[in-house]
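This report describes a single chain with its aromatic contacts, strand pairing and model confidence. The sequence and structure are shown first.

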Amino acid sequence: MMQRPFLNINPAVLLAVSFWVLVPVCSLKSQSAEKTSLRFMFYNAENFFDLSDDTLKEDNEFLPWGLMRWNNTRFSKKLNSVSKTIIAAGGWEPPELVAFCEIESRYVLERLIYGNGLLKYNYRIIHEDSPDPRGIDACLIFRADRIKIIDYSYWIPVMDSNEIFRSRSVLYVKTSIEKDTLHLIVNHWPSRRGGVLSAEGLRKKIALMVRMKIDSINLSENGSAKILLMGDFNCTPDDKVMEVLIKKTGTGQSLVNLSDSFSEGGNGTYRYQGRWEVIDQIIVSPSLLLADEGISTSKKSVRVFCEDFLLMRDPGFPGFTPRSTYRGYRYQGGFSDHLPVLIDFVIR
């Protein structure tokens with residue numbers, strides 16, 4: 001299969017077509033002469049709630065009678081927005097795997113993959129409810145004709161005796177792709193918005209847990225495990241807690257954060273008070289970069305998907321910001337307050 005190019009989407013063309021129709025390709029950019037076979041995507045879908053009142057979750061804001069006035073019209077528009085983003089991010093066809101965070105339920109994913117845009121691509125779902133009070137979870141969809149799931153589980157850190165874990169669990173998936181094994185870890189770490197230190201301890205617990213699990217996986221494969229971490233880490237690549245996750249340990253290998261390049265040119269994945277931040281990241285084990293056979297990737301094979309239709313002029317600061325569904329409590333009808341990140345793989 002020839003490499004699927006990244007798309008440049010002309011906003012004038014976007015406005016000229018119906019919201020319900022896939023945006024046509026205007027121009028293509030080739031990354032290399034190699035053939036590729038897989039593209040993965042991570043997307044923080046910004047409070048993608050269903051319409052049901054779950055008495056075990058704090059979802060009252062996102063109900064038809066709630067503060068956000070979340071109704072069937074807005075839910076349907078969000079489904080189309082996310083579906084269109086996935087298809088556009090794929091190039092010739094949508095990515096083989098899309099990992100999400102801020103999804104409330106399996107029902108949301110079912111409505112997404114069985115809609116007209118994605119129905120023919122044979123997507124399947126991995127989702128379980130997390131201990132998060134609001135009920136927003138890390139999960140994924142994958143194309144069953146391209147990816148085989150060997151096993152999956154959700155991880156939570158061991159807490160002190162007087163503590164209860166009340167955040168998003170980490171999704172681990174062991175996959176088989178054309179006779180090679182790839183370990184995928186999907187993260188959505190606690191937010192800093194109550195202050196940088198407000199959840200620092202919990203983020204460190206999660207980082208240490210993930211690091212320990214990675215070392216165990218790597219040890220089981222004689223130090224050559226192919227591991228991919230994706231997610232919203234709610235901190236930047238240079239944060240100290242990311243060093244806990246990435247640095248070499250006594251029994252393991254250091255990891256490579258491919259997201260360092262995302263901030264080149266002053267861009268990022270999320271904009272806060274007029275400044276771009278790289279909090280949605282892609283991290284790999286060295287085995288994925290050095291592989292002579294099987295699945296591999298490179299530092300040039302990652303990017304932020306930041307096409308014009310996902311952006312709007314920032315009403316509070318100079319420049320552009322993601323075209324979000326809400327701005328505060330005000331409905332804007334956009335896509336998400338985060339931009340997706342993409343990674344391509346070559347199979348030799």
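Phe62 is buried, at 3% relative accessibility, where buried means under 20% relative accessible area, exposed over 50% and partly exposed in between, with a 1.4 Å probe and protein chains only. The model is a predicted one, in which local features need pLDDT of at least 70, side-chain atom pairs count only at pLDDT 80 or more, and totals for chains, interfaces and linings use all residues. Residues are numbered from 1 along each chain as its sequence is written, and side-chain values use heavy atoms, with hydrogens and water left out.

**Aromatic pairs**

A pair of aromatic rings is described by the distance of the centres and the angle of the planes. Rings of Phe, Tyr and Trp (its six-membered ring) pair if their centres lie within 6.5 Å; planes under 30 degrees apart count as stacked, over 60 as edge-to-face and the rest as tilted. The count by this rule is 14 aromatic pairs. One of them joins Phe62 and Tyr326, with ring centres 5.8 Å apart and planes at 90°, so this pair is edge-to-face. Phe62 lies in the loop between strand 3 (38-48) and helix 2 (72-90), while Tyr326 belongs to strand 19 (residues 326-327), so the pair links distant parts of the chain, 264 residues apart. Helices (H or I, at least four residues) and strands (E, at least two) are DSSP runs, numbered from the N terminus.

Tyr326 is buried too, with a relative accessible area of 7%. Tyr326 also forms a tilted pair with Trp70, at 6.4 Å centre to centre and 45° between the planes. Trp70 is in the loop between strand 3 and helix 2, and 256 residues separate it from Tyr326. The relative accessible area of Trp70 is 0%, so Trp70 counts as buried. Ring pairs link Phe62, Trp70 and Tyr326 into a cluster with Phe48, Phe49, Phe75, Tyr107 and Tyr331.

Two members of this cluster also have a charge over the ring, which requires NZ of Lys or CZ of Arg within 6 Å of the ring centre and within 35 degrees of the ring normal. Arg74 lies over the face of Tyr331, 4.0 Å from the ring centre. Lys78 takes such a position over Phe48, at 5.7 Å from the ring centre.

**Strand pairing**

Strands of a sheet pair through backbone hydrogen bonds, either parallel or antiparallel. Here two strands pair if DSSP finds at least two bridges between them. The table lists five such pairs, each with one pair of facing residues.

| Strands | Sense | Bridges | Facing residues |
|---|---|---|---|
| Strand 3 and strand 4 | parallel | six bridges | Phe40 and Leu97 |
| Strand 4 and strand 6 | antiparallel | five bridges | Ala99 and Leu140 |
| Strand 7 and strand 8 | antiparallel | seven bridges | Ile149 and Thr175 |
| Strand 8 and strand 9 | antiparallel | seven bridges | Thr175 and Leu182 |
| Strand 10 and strand 14 | antiparallel | five bridges | Leu229 and Ile283 |

Strand 4 (residues 97-103) is mostly covered, with seven of its seven residues buried. Together with strand 3 and helix 2, strand 4 makes a right-handed β-α-β unit; a crossover is right-handed if, with the strands pointing away from the viewer, the path from the first strand over the helix to the second runs clockwise.

An open sheet of six strands has the order 7-8-9-10-14-11 and mixed pairing. Strand 7 (148-155) and strand 11 (256-257) stand at its edges, each with a single partner strand, so one side of each has no neighbour in the sheet. Strand 8 (residues 170-177) has six of its eight residues buried, so it is largely enclosed by the rest of the structure. Strand 8 and strand 9 form a hairpin with two residues between them, and Glu178 in the turn has a positive phi of about 50°.

**Surroundings of Ile206**

Ile206 is found in helix 4 (residues 200-220) and is buried at 1% relative accessibility. Leaving out residues up to four places away in sequence, Ile206 touches Pro157, Phe165, Val170, Trp189 and Pro190, where contact means heavy atoms within 4.5 Å. Ile206 and Val241 are 35 residues apart in sequence, with 9.5 Å from C-alpha to C-alpha.

**Confidence**

pLDDT is the predictor's confidence in each residue, from 0 to 100. The chain averages a pLDDT of 88, and 87% of the residues score at least 70. Over residues 11-35 the pLDDT is below 50, and this stretch has 41 contacts in the model beyond near neighbours in sequence. Where pLDDT is low, the predicted coordinates should not be read in detail.
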